Amino acid sequence: MLDTHATWSGNLRKEYKMISRTELCKECGMTRRALEHYATDEGYHLLDPLVTDASGSYYDDDAVEKLNSIKCLKGYGFSLKEIKRFQTSDVQEQHEMMRALLVRVEKKQDDIIRQRKMIEDYLISFENRRK
């Protein structure tokens with residue numbers, strides 16, 4: 001394992017196939033602020049840099065895949081806490097988490113359908129009063 005407090009050169013960075021924070025953000029289409037949010041928010045450390053020194057933060061060569069996975073799970077509706085749990089779970093638990101998420105999404109869908117019906121009823125009532 002690399003000593004994260006050591007001073008290291010660009011050659012060592014290449015040897016360990018590291019990517020800078022700027023390169024990672026560009027590769028994944030995200031801002032530095034968003035990346036820092038995933039790395040440090042609420043102590044979940046979903047994607048911590050391998051090395052941080054005076055020249056910046058550097059991530060291992062799997063960081064692009066990890067960050068895209070985080071973005072995907074976030075898009076599904078998982079919280080950061082759930083994403084951390086998902087990352088450290090076995091396949092069976094991940095499957096159960098996805099099933100639970102589907103139930104939540106279906107409930108939201110039912111709620112939206114109810115809201116739409118209430119709004120439509122209001123509009124019909126409003127139009128009938130204007131006649």
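Tyrosine 59 touches a set of residues that lie well before it in the chain, namely Lys17, Met18, Ile19, Ser20, Arg21, Leu24, Leu35, Leu47, Asp48, Pro49 and Leu50, when residues up to four places away in sequence are not counted. The model in which these contacts are found is a predicted one. Tyrosine 59 belongs to strand E3, which covers residues 56-59, and its relative accessible area is 1%. Because buried means under 20% relative accessible area, tyrosine 59 counts as buried. Leucine 47, one of the residues that tyrosine 59 touches, is 12 residues away along the chain, and the C-alpha atoms of the two are separated by 8.5 Å.

A second residue can be described in a similar way. Valine 51 is part of strand E2, which is made of residues 51-53, and it is buried, with a relative accessible area of 1%. The C-alpha atom of valine 51 is 9.5 Å from that of serine 20, although 31 residues separate the two along the chain. Serine 20 also appears among the residues touched by tyrosine 59.

**The chain as a whole**

The protein chain contains six helices and three strands, and, read from the N terminus, these elements follow the order α-β-α-α-β-β-α-α-α. The chain has 131 residues, of which 27% count as buried. Where do contacts link residues 24 or more positions apart, and what share do they make up? Among the contacts in the protein chain with a separation of 6 or more, such pairs account for 50%.

**Helix H2 and its two sides**

Helix H2 spans residues 21-28, and its buried residues are Arg21, Leu24, Cys25 and Cys28. Seen down the axis of H2, these buried residues fall within an arc of 100°, so they line one face of the helix. An α-helix has 3.6 residues a turn, so residues three or four places apart point the same way. The face turned away from the buried side of H2 carries Thr22, Lys26 and Glu27, which are exposed. After H2 comes glycine 29, whose phi is positive, near 65°.

**How the helices pack**

Two packed helices are described by the angle between their axes and the distance between the axes. The table gives these values for three pairs, together with the handedness of each crossing.

| Helix pair | Angle between axes | Distance between axes | Handedness |
|---|---|---|---|
| H2 and H4 | about 50° | 10 Å | right-handed |
| H4 and H5 | about 125° | 10 Å | right-handed |
| H5 and H6 | roughly 150° | within 9 Å | left-handed |

H2 and H4 pack at an angle of about 50°, and that makes H2 oblique to H4. On the side of H2 the contact uses Leu24, Glu27 and Cys28, which meet Ala63, Val64, Leu67, Asn68 and Lys71 of H4. Sorted by class, the residues of this contact are five nonpolar, one polar and two charged. Leu24 and Cys28 are also listed among the buried residues of H2, whereas Glu27 is one of its exposed residues.

Helix H4, residues 63-76, packs in turn against H5 at about 125°, and these two helices are therefore oblique to each other. Here Ile70, Leu73 and Lys74 of H4 make contact with Leu80, Ile83, Phe86 and Gln87 of H5. The residues of the contact of H4 with H5 include five that are nonpolar, one that is polar and one that is charged.

Helix H5 is formed by residues 80-87 and helix H6 by residues 91-130, and their axes cross at roughly 150°. H5 and H6 are therefore roughly antiparallel to each other. The contact is made by Glu82, Arg85 and Phe86 on H5 and by Glu93, Gln94, Met97, Met98 and Arg104 on H6. By class, the contact of H5 with H6 holds three nonpolar residues, one polar residue and four charged residues.

Which residues of H5 are buried? They are Leu80, Glu82, Ile83 and Phe86. Around the axis they cover an arc of only 155°, which puts them on the same side of H5. Among these buried residues, Leu80, Ile83 and Phe86 take part in the contact with H4, while Glu82 and Phe86 take part in the contact with H6.

Conventions: Residues numbered from 1 in each chain as written. Predicted model: local features only at pLDDT ≥ 70, side-chain atom pairs only at ≥ 80, totals over all residues. Heavy atoms only, no water. Axes fitted to C-alpha atoms, helices over the stretch in contact; angles between N-to-C directions. Helix = DSSP H or I, 4+ residues; strand = E, 2+ residues; numbered from the N terminus. Parallel < 35°, antiparallel > 145°, perpendicular 65-115°, else oblique. Left-handed = near helix turned anticlockwise from the far one by under 90°. Contact = heavy atoms within 4.5 Å. Nonpolar A, V, L, I, M, F, W, Y, C, P; charged D, E, K, R; others polar. Buried < 20%, exposed > 50% of the residue type's maximum accessible area, 1.4 Å probe, protein only. Arc of directions from axis to C-beta.
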